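Student: I am new to this structure and would like to go through it with you. Could we begin with a term that will be needed along the way?
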Amino acid sequence: MDHARRRVLHVSQSTETGVPYVVDDYVRRQLEAGWEVAVACPGGTLAALMRGLGVEVLDWPAAREPDPRLLPREVAGLRRVVRSWGPDLVHLHSAKAGLAGRLALRGRLPTVYTPHAWSWLAAQGRTRRAAQAWERLGSRWSVTCCVSESERAEGRAVGITGDLRLIPNDVEVGALRAGAPVDRAQARKLLEVDDDVQLVVCCARLAHQKGQDVLLRAWPAVVAAEPQARLVLVGGGPDEEALRRQARGVEHVRFLGDAPRETSVAWMVASDVVTCPSRYEGMSLVPIEAGALGRVVVASDVEGVREGGWGPARVVVPVEDADALAGALHQVLADPAARAEAEAVAWACGDDLAQQPRAADRVLELYAELLGRA
């Protein structure tokens with residue numbers, strides 16, 4: 001296939017935290033392969049990343065939540081974007097783009113949909129059942145690209161019978177390490193963190209999905225057992241005000257707010273443990289990044305977290321279980337020798353990850369297959 005004459009349009013309403021960096025990784029590889037690329041989104045970090053690559057950014061106003069009053073306008077707007085730019089293939093990212101994009105295209109162009117976490121996981125009751133029914137219907141208009149084996153299994157479990165491919169999330173280990181402080185001591189000097197502090201870091205959008213409220217419920221027990229423990233929450237989001245209220249009176253908690261990716265990476269390197277207390281995911285990038293940087297991760301048992309063979313560097317607790325989260329954090333902090341051994345395992349797993357085929361290459365192979373079939 002002649003990549004130089006192929007055009008791909010990426011579409012995403014999600015413009016912050018993990019999704020933009022997955023798209024950024026895919027787009028960089030596609031540009032290297034000679035593809036013409038454009039991205040339709042409402043702006044934000046995703047738009048800034050794409051403009052930094054010289055990629056055309058097409059304005060697509062879209063709300064995060066599905067709203068029957070806005071959806072027809074969002075579908076029509078995306079249809080106009082597709083007509084005006086003329087892609088050979090469209091790649092939809094996250095639930096809103098998956099909804100609007102498949103309604104707009106209905107299989108008339110080769111279409112890839114990456115949920116980055118199934119839409120129904122954020123819903124309950126009738127809304128949850130409706131989201132599952134939609135995904136069963138919408139799957140006939142796209143190839144659905146799952147970012148973890150557990151995400152694909154969940155899709156099968158609710159009756160999605162369409163073409164579900166598995167392309168697990170990954171990170172470019174060499175570039176990640178090259179852009180990070182060389183070790184914990186250098187990172188702490190850069191961030192002005194004392195050497196004797198036991199540092200727990202959570203890098204995520206401040207939102208219900210990410211479970212920082214559970215972490216704040218767990219934190220007093222951690223501090224009671226480990227008085228030198230300090231918690232840093234890196235990121236902003238819709239729940240920031242509520243979480244700050246929850247943290248009043250809770251010792252040794254710092255909200256850093258929105259920060260560039262390199263700052264998040266520096267805090268991970270400075271940490272003794274990275275925690276990811278999410279309620280659901282597809283396959284979060286933060287545990288992969290933290291592991292590749294040689295850090296132990298304490299995470300809730302969500303989609304993708306058990307995958308990748310991280311061994312003792314990945315400690316898993318039940319979702320929304322504040323007591324189990326506190327116990328796991330204390331266990332890691334209280335045993336520096338075991339933690340050092342686990343960190344060595346994490347670094348070696350990162351070395352192994354660096355030798356595996358990149359997700360971005362596998363996405364290109366999928367595009368080639370779909371365009372050959374078309």
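Tutor: Certainly. Buried means under 20% relative accessible area, exposed means over 50%, and partly exposed lies in between. Please note also that this is a predicted model.

Student: Where does Arg244 fall, buried or exposed or in between?
Tutor: Arg244 has a relative accessible area of 38%, so it is partly exposed.

Student: Which residue does Arg244 form a salt bridge with?
Tutor: Its partner is Glu240, and the closest N and O atoms are 3.1 Å apart. The two residues are four apart in helix α10 (residues 240–247), which means that about one helical turn separates them.

Student: And what does Glu320 pair with?
Tutor: Glu320 forms a salt bridge with Arg279, with the closest N and O atoms 3.1 Å apart. Glu320 is in the loop between β13 (314–317) and α13 (322–334), while Arg279 is in the loop between β11 (273–276) and α12 (285–292), so the pair ties together parts 41 residues apart in sequence. Arg279 is buried at 15% relative accessibility, and Glu320 is partly exposed at 45%.

Student: How many salt bridges are there in total?
Tutor: The count comes to 26 salt bridges.

Student: Changing topic, how many disulfides are found?
Tutor: A search of the whole structure finds zero. For Cys276, the nearest cysteine sulfur is that of Cys202, 6.3 Å away. A disulfide requires the sulfur atoms to be within 2.5 Å, so that pair does not count.

Student: Lastly, which residues gather in the patch of positive charge on the surface?
Tutor: Arg79, Arg80, Arg83, Arg106, Arg108 and Arg140 form that patch. Arg108 is exposed, with a relative accessible area of 59%.

How values were computed: Residues numbered from 1 in each chain as written. Predicted model: local features only at pLDDT ≥ 70, side-chain atom pairs only at ≥ 80, totals over all residues. Heavy atoms only, no water. Patch = residues over 30% accessible without salt bridge, like charges linked within 9 Å, V, L, I, M, F, W, Y side chains within 5 Å. Areas by Shrake-Rupley, 256 points an atom, 1.4 Å probe, with all protein chains shown as cover. Salt bridge = Lys/Arg side-chain N within 4 Å of Asp/Glu carboxyl O. Lys, Arg positive; Asp, Glu negative; His and termini not counted. Charge placed at Lys NZ, Arg CZ, Asp CG, Glu CD. Buried < 20%, exposed > 50% of the residue type's maximum accessible area, 1.4 Å probe, protein only.
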